[in-house]
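Trainee: I'd like to take a close look at one part of this chain, the helix and whatever packs around it. Could you walk me through it slowly?

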Amino acid sequence: MRDDVPRARSAFARVIDAKRFQRGNLHAHSNASDGDATPDEVIGWYKAHGYAFVALTDHNILADPSRYASLQSPEFTVLAGEEISMWVKGKQVHVNALCTHALIEG
């Protein structure tokens with residue numbers, strides 16, 4: 001990394017220790033799109049089962065971690081996420097966006 005390029009500041013509620021394995025899920029859906037549980041229930045399940053983080057990535061809906069502040073703790077973080085769904089040359093394409101600050105439309 002070049003020293004003359006400004007570095008973005010972390011927007012995480014806490015720093016995740018990357019020197020050791022962290023159990024997490026970067027692609028979880030709720031009933032806000034095609035999942036079967038509310039966002040709070042999905043987040044609660046991952047927290048109750050010992051995960052360190054989860055990203056809700058519902059289709060074309062940005063999950064804002066600040067909405068779930070009461071479910072977060074020093075041991076558990078909710079990451080901003082969205083699954084961007086779009087059509088390209090007649091085929092549906094899905095791409096996950098993580099740790100973004102605004103909705104990315106397909």
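Mentor: Sure, but let's start with the outside: how much area does the chain expose, and what share of it do carbon and sulfur atoms supply? Keep in mind that this is a predicted model. The exposed area is about 7,200 Å², and carbon and sulfur atoms supply 55% of that. The chain has 106 residues, and 32% of them count as buried.

Now the layout. You have one helix and five strands here, and starting at the N terminus the order is β-α-β-β-β-β. If you take the contacts between residues at least 6 apart in sequence, 55% join residues at least 24 apart.

On to your helix, α1. Which of its residues are buried? They are Pro 39, Val 42, Ile 43 and Tyr 46. Look at the spacing of those numbers, then think about how a helix winds. An α-helix has 3.6 residues a turn, so residues three or four places apart point the same way. Looking down the axis of α1, you'd see its buried residues inside an arc of 95 degrees, so they line one face of the helix. And what sits over them? The cover includes β1 (24-28), β2 and β3 (77-79).

That face feeds into something bigger. The largest nonpolar core has twelve residues: Ala 28, Ala 37, Val 42, Ile 43, Tyr 46, Tyr 51, Val 54, Leu 56, Ala 63, Tyr 68, Phe 76 and Val 78. Two elements give two or more residues to this core, namely α1 (39-48) and β2 (53-56). The largest share, three residues, comes from α1.

Zoom in on Tyr 46 next. Leaving out residues up to four places away in sequence, Tyr 46 touches Asn 25, Ala 28, Tyr 51, Val 54 and Phe 76. Is Tyr 46 buried or exposed? With a relative accessible area of 14%, Tyr 46 is buried, because the cut-off for buried is under 20%. Trp 45, right beside it in the numbering, comes out partly exposed, at 41%.

Those two rings also pair up. A search of the whole structure turns up three aromatic pairs. In the pair of Trp 45 and Tyr 46, the ring centres are 5.0 Å apart and the planes stand at 80 degrees, so this one is edge-to-face. Trp 45 also pairs with Tyr 51, this time in a tilted way, with 6.0 Å from centre to centre and 50 degrees between the planes. Tyr 51 is buried, with a relative accessible area of 15%. Put together, ring pairs link Trp 45, Tyr 46 and Tyr 51 into a cluster. While you're in that stretch, check Gly 50, just after α1: it takes a positive phi of about 80 degrees.

Last stop, for contrast: the strands further along. β4 (residues 81-88) and β5 (residues 91-98) pair in the antiparallel sense over eight bridges, and Gly 81 stands opposite Leu 98 in β5. The two strands form a hairpin with two residues between them. In that turn you'll find Lys 89, which has a positive phi of about 50 degrees.

Technical notes:
Residues are numbered from 1 along each chain as its sequence is written. This is a predicted model: local features need pLDDT of at least 70, side-chain atom pairs count only at pLDDT 80 or more; totals for chains, interfaces and linings use all residues. Side-chain values use heavy atoms; hydrogens and water are left out. Helices (H or I, at least four residues) and strands (E, at least two) are DSSP runs, numbered from the N terminus. Buried means under 20% relative accessible area, exposed over 50%, partly exposed in between (1.4 Å probe, protein chains only). Contact means heavy atoms within 4.5 Å. Accessible areas come from the Shrake-Rupley method with a 1.4 Å probe; for residues, only the protein chains shown count as cover. A nonpolar core is a set of buried Ala, Val, Leu, Ile, Met, Phe, Trp, Tyr and Cys residues joined through side-chain atoms within 4.5 Å. Two strands pair if DSSP finds at least two bridges between them. The arc is that of the directions from the helix axis to the C-beta atoms. Rings of Phe, Tyr and Trp (its six-membered ring) pair if their centres lie within 6.5 Å; planes under 30 degrees apart count as stacked, over 60 as edge-to-face and the rest as tilted.
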